[in-house]
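Welcome! Here are some short exercises to work through with the model open beside you.

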Amino acid sequence: MTHTVLVTGVSRHIGARVASVLASDPDISRVIGVDTMPPPSLTRDGGISMGRTEFVRVDLRSPDIAQVLAAADIDTVVHMSLVSAPSRSAGRSAMKEHNVIGTMQLLGACQRSATVRRVVVRSTTAVYGSSPRDPAVFTEDLEPHDSPSHGYAKDAVEVEGYVRGFGRRRPDVTVSLLRFANFMGPGVDSPLTRYFTQPVLPTVFGFDPRLQFVHEDDAVEVLRRMATEDHPGTFNVAGAGVLLLSQCVRRAGRLSLPLISPAFKVLGGAARRTGLVEYSPEQLRLMSHGRVVDTGRLEATLGWKPKFTTGAAFDDYLRSRSLSPVGGVRS
């Protein structure tokens, strides 16, 4: 059976990679990539070749997305367009509209569609929040002690609520919800990866949080499998193992600047205003308390494990940025 797949968020790196790998699958007849702007492969900037992916410029906040689904007889939707940081031009309100209202419009179109049979949604482990009262490891069934109340994490919590509602209304559709740890790899540009490129890394005095990463190659492979196989449910996605923030600092060959929590928040606010690094409130909490998730459900369901551990994913990112530890010694 051939499939027609719609991928949202193809102007960003991971979305473009997912569209590319699906377009190379002989069992997929068409791949429609949608976003508010063309992907880099279709501009002078070059970028990832998306093969036979057909690009359609659509703002998910508009009802036009329903017309795209109907016109192409889409049977599989891979929703990749959640953004983790506001743009300097649009701001936080536009980011929330894109993430939440855009998802509502997309799911509404899927609910009315007679052809959609599989929906895959990219979410984030940030939905668990970061709190001193957190369990050592989050499984998919655990609720956070302190639900996120800011930014991307709050948007993701709302998005997940709409996804679960869609699943109840359309039980005939396979719904896969993927909670990714922070992406890491040569092509990843995020608030967290930009943090590690600074010559001096501010940290919260008295805290050394545990961090997890997922390599972009493994993220794309998980999304490929979920888009071509039926695996309903909610899944954590992360590389094996953890890194302490202090270990990350040493691996990157950077200097740390421990600050008391209020000073860290003041610095974060100043950094956001300059646009140099995005210190969102949820990132500040992550830098204090960390977050670790269990990936046993994903590995048991797929019979597969990520190729990159958390440490290996971080090291690959460092190599791509020509960052290395002082003296060449890993911690």
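**Exercise 1.** Compare the reach of α4 with the span expected for a helix.

*Solution.* Step one: α4 has 19 residues. Step two: the expected span is 1.5 Å times one less than the number of residues, and for α4 it comes to 27 Å. Step three: from its first C-alpha to its last, α4 reaches 28 Å, close to that expectation. Helices here are DSSP runs of H or I with at least four residues, strands are runs of E with at least two, and both are numbered from the N terminus.

Before going on, note that this is a predicted model, in which local features need pLDDT of at least 70 and side-chain atom pairs count only at pLDDT 80 or more, while totals for chains, interfaces and linings use all residues. Residues are numbered from 1 along each chain as its sequence is written, and side-chain values use heavy atoms, with hydrogens and water left out.

**Exercise 2.** Find what the buried residues of α4 pack against.

*Solution.* Start with the buried residues themselves (under 20% relative accessible area, with exposed over 50% and partly exposed in between; 1.4 Å probe, protein chains only). Among them are Tyr152, Asp155, Val159 and Phe166. Then look at their surroundings: they pack against α3, β5, β6 (174-180) and α9 (281-289), where contact means heavy atoms within 4.5 Å.

**Exercise 3.** Which side chain makes a polar contact with that of Asn99?

*Solution.* First, locate Asn99 in helix α3. Next, check its burial: the relative accessible area of Asn99 is 0%, so this residue is buried. Now list its contacts, leaving aside neighbours within four places in sequence: Ser81, Leu82, Val83, Tyr152, Asp155 and Val159. The polar partner is the side chain of Asp155, at 3.0 Å. A polar contact is a pair of N or O atoms within 3.5 Å; within protein, one must be able to donate a hydrogen and the other to accept it, and residues adjacent in sequence count only if both atoms are side-chain atoms.

**Exercise 4.** Trace the open sheet and place α3 on it.

*Solution.* Begin with the strand order, β3-β2-β1-β4-β5-β6-β11, with parallel pairing; strands pair if DSSP finds at least two bridges between them. At the edges, β3 (54-57) and β11 (233-237) each pair on one side only. Finally, helix α3 (residues 92-112) packs on the sheet and touches β1, β4 and β5 (118-124). Its direction makes about 170 degrees with that of β4, using axes fitted to C-alpha atoms, for helices over the stretch in contact, and angles from 0 to 180 degrees between N-to-C directions.
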